[in-house]
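Visitor: Could you take me through the charged side-chain pairs here, with the reasoning behind each answer?

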Amino acid sequence: MTESTKTHVILLSCGSFNPITKGHIHMFEKAREYLHKTGRYIVIGGIISPVHDSYGKPGLVTSRHRLAMCQMAVQSSDWIRVDPWECYQDTWQTTCSVLEHHRDLMKRVTGCILSNINTPSSTPVISQLSQPQSQTTAIYQNHGNMNHRPTAIKLWGKISENLGKMCCVRPQMDRFTFVDENANLGTAVRYEEIELRILLLCGSDLLESFCIPGLWKDSDMEVIVGDFGIVVVPRDGADTERIMNHSSILRKYKDNIIVVNDAGTHPMAVVSSTKSRLALQHGDGHVVDYLCQPVIDYILQSQLYINASG
């Protein structure tokens with residue numbers, strides 16, 4: 001497949017990130033690597049969306065801390081960013097709502113129509129007519145396979161350029177950048193004619209939660225799996241085939257679920273926020289295997305997770 005005929009993907013991960021671990025970042029990296037290997041996809045960006053404080057999970061520290069830790073964890077990444085939209089809402093948002101928000105937002109700031117899994121575009125998703133006025137800063141750096149580089153840089157690079165110019169004005173949140181819903185990227189860059197989708201990135205534990213009766217609305221699952229699609233990175237040797245067979249909706253949209261088959265043997269596949277909190281509470285030196293050093297320093301400075309209650 002040529003670059004323009006491949007599906008361009010933005011990976012969106014929702015969760016508590018309480019705290020964000022090396023395993024979360026590993027999940028992004030392994031998913032991108034696997035999708036590129038299929039020859040069908042080009043991952044042009046990743047978004048981390050921490051859950052709202054009103055989610056009500058025991059021991060959940062405030063979004064101010066979780067956003068700060070997430071930002072520290074991705075500060076060296078050239079393609080993953082943290083988005084505070086979910087935390088800034090009046091109340092908790094469903095995963096379905098978060099996906100729909102980012103789909104609609106990307107449509108507004110790029111002028112493109114993001115295609116759904118079941119309704120692929122019959123016409124180019126992005127086709128700007130004006131000629132480029134300047135070279136966009138390269139987003140992809142130091143990666144092996146760069147055949148997809150031009151279009152990926154133009155699209156995510158232009159969006160990222162816009163992100164860098166618009167900062168939140170909320171107290172203590174000025175370090176975070178995000179897309180202004182009223183922003184207009186303009187037509188300075190001529191994008192290749194491509195198909196663009198947002199896919200939910202998750203571990204097999206979230207996939208398994210779809211099988212718990214009453215936990216998820218069927219209508220939300222239909223949208224998440226049927227319209228958007230999921231990329232699953234297995235954890236702890238989970239049997240994703242068995243999990244999918246336990247849910248009628250997962251079976252129905254099985255072709256929309258991409259399982260990263262080669263991720264389970266990596267040490268990061270067993271890292272979790274729960275293990276990280278326990279390590280911090282017990283003074284376990286293995287915490288350095290779970291969390292990056294800036295996050296550890298922030299946790300110690302802010303006295304987070306030291307007590308068993310949080």
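The questions and answers below concern salt bridges in this predicted model.

Visitor: How many salt bridges does the structure hold?
Guide: A pair is counted when a side-chain nitrogen of Lys or Arg lies within 4 Å of a carboxyl oxygen of Asp or Glu. By that criterion, the number of salt bridges in the structure is 10.

Visitor: Is Lys30, the salt-bridge partner of Glu33, buried or exposed?
Guide: The side chains of Glu33 and Lys30 meet at 3.7 Å, N to O, and both residues lie in helix 1 (residues 22-38), three residues apart, which is about one turn of the helix. Glu33 is partly exposed, having a relative accessible area of 34%. For Lys30 the relative accessible area is 13%, and because buried means under 20%, Lys30 is classed as buried.

Visitor: Which residue is linked with Lys30 and Glu33 in a network of salt bridges?
Guide: Glu33 forms a salt bridge with Lys30, and this pair belongs to a network of salt bridges. The residue that joins Lys30 and Glu33 in that network is Lys37.

Visitor: How many residues apart are Arg235 and Asp205?
Guide: Their side chains form a salt bridge with an N to O distance of 3.0 Å. Arg235 sits in the loop between strand 5 (230-233) and helix 8 (240-245), whereas Asp205 belongs to helix 6 (residues 204-209), so that the pair links distant parts of the chain. Arg235 is partly exposed at 24% relative accessible area, and Asp205 is partly exposed at 43%. Along the chain, the separation between Arg235 and Asp205 is 30 residues.

Definitions and conventions: Residues are numbered from 1 along each chain as its sequence is written. This is a predicted model: local features need pLDDT of at least 70, side-chain atom pairs count only at pLDDT 80 or more; totals for chains, interfaces and linings use all residues. Side-chain values use heavy atoms; hydrogens and water are left out. Helices (H or I, at least four residues) and strands (E, at least two) are DSSP runs, numbered from the N terminus. Buried means under 20% relative accessible area, exposed over 50%, partly exposed in between (1.4 Å probe, protein chains only).
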